[in-house]
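Trainee: I would like to work through this model with you, one question at a time. Where should we start?

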Amino acid sequence: MGDNILPSSELTQQVEMEGEVALIIGKRGKNIKEEDALDYVFGCTIFNDVTARDLT
């Protein structure tokens, strides 16, 4: 592989990467009670957030 996934240095000078937890929503809901919230979560995974801070 070896492909560079980061934005070009011509585009941005401030790239920040963060590892985050992402929730996968399993079904639609509206006005859900706090105690029932996890009934709507299918699962969780990791998420790689790459942001060009100087462009936001």
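Mentor: Start with Glu16, in a model that is predicted. Is Glu16 buried, partly exposed or exposed?

Trainee: Buried would need a relative accessible area under 20%, and exposed would need over 50%. Glu16 has a relative accessible area of 30%, so the class is partly exposed.

Mentor: Which residue forms a salt bridge with Glu16?

Trainee: A salt bridge needs a side-chain nitrogen of Lys or Arg within 4 Å of a carboxyl oxygen of Asp or Glu. For Glu16 the closest N and O atoms of such a pair are 2.8 Å apart, and the partner is Arg53.

Mentor: How many residues apart in sequence are the parts that this pair ties together?

Trainee: Glu16 sits in strand β1, which covers residues 15-25. Arg53 sits in the segment after β2, and β2 covers 41-52. The pair therefore ties together parts whose separation in sequence is 37 residues.

Mentor: Which other residue forms a salt bridge with Arg53, with the closest N and O atoms 3.6 Å apart?

Trainee: The cut-off is 4 Å, and the N and O atoms in question are 3.6 Å apart. This partner lies in strand β1, so the pair ties Arg53 to a part 35 residues away in sequence. The partner has a relative accessible area of 33%, which makes it partly exposed. The residue is Glu18.

Mentor: Which residues do the shared partners join into one network?

Trainee: The structure holds two salt bridges. Arg53 takes part in the one with Glu16 and in the one with Glu18. Arg53 itself is partly exposed, at 31% relative accessibility. The network consists of Glu16, Glu18 and Arg53.

Mentor: Now the aromatic rings. Which residue lies over the face of Tyr40?

Trainee: A charge over a ring has to be within 6 Å of the ring centre. Here the distance from the ring centre is 4.7 Å, and the residue is Lys27.

Mentor: And how many aromatic pairs are there?

Trainee: Ring centres would have to lie within 6.5 Å to pair. By this rule the count is zero.

Mentor: Turn to Phe42, in strand β2. Which residues is Phe42 in contact with, leaving aside neighbours within four places in sequence?

Trainee: Phe42 is exposed, with a relative accessible area of 67%. Its C-alpha is 5.3 Å from that of Ile25, although the two are 17 residues apart in sequence. The contacts are Ile24, Ile25 and Gly26.

Mentor: Ala52 is also found in strand β2. Is Ala52 buried or exposed?

Trainee: Ala52 touches Thr12 and Gln14, not counting residues up to four places away in sequence. Its C-alpha is separated by 10 Å from that of Ser9, 43 residues apart along the chain. The limit for the lowest class is under 20%; Ala52 has 14% relative accessibility, so it counts as buried.

Mentor: Next, the loop between β1 and β2, where Asn31 lies. What is phi of Asn31?

Trainee: Most residues other than glycine have a negative phi. Asn31 goes against that, with a positive value in a residue other than glycine. Asn31 is exposed, with a relative accessible area of 75%. Its phi is near 55°.

Mentor: Ala37 lies in that loop between β1 and β2 as well. What distance separates the C-alpha atoms of Ala37 and Ile5?

Trainee: Ala37 is partly exposed, with a relative accessible area of 35%. Along the chain, Ala37 and Ile5 are 32 residues apart. Their C-alpha atoms are separated by 35 Å.

Mentor: Finally, the whole chain. What radius of gyration does the protein chain have?

Trainee: The chain has zero helices and two strands. Its C-alpha trace spans about 45 × 30 × 15 Å along the principal axes. A compact globule of 56 residues would come near 10 Å, but this chain has 17 Å.

Mentor: What percentage of the 56 residues do buried residues make up?

Trainee: The accessible surface comes to about 5,200 Å², and 52% of that belongs to carbon and sulfur atoms. Ala52 counts as buried. For the 56 residues of the protein chain, the buried share is 7%.

Conventions
Residues numbered from 1 in each chain as written. Predicted model: local features only at pLDDT ≥ 70, side-chain atom pairs only at ≥ 80, totals over all residues. Heavy atoms only, no water. Phe/Tyr/Trp six-rings, centres within 6.5 Å; stacked < 30°, edge-to-face > 60°. Lys NZ or Arg CZ within 6 Å of the ring centre and 35° of its normal. Helix = DSSP H or I, 4+ residues; strand = E, 2+ residues; numbered from the N terminus. Buried < 20%, exposed > 50% of the residue type's maximum accessible area, 1.4 Å probe, protein only. Contact = heavy atoms within 4.5 Å. Rg over C-alpha atoms; globule rule 2.2 N^0.38 Å. Areas by Shrake-Rupley, 256 points an atom, 1.4 Å probe, with all protein chains shown as cover.
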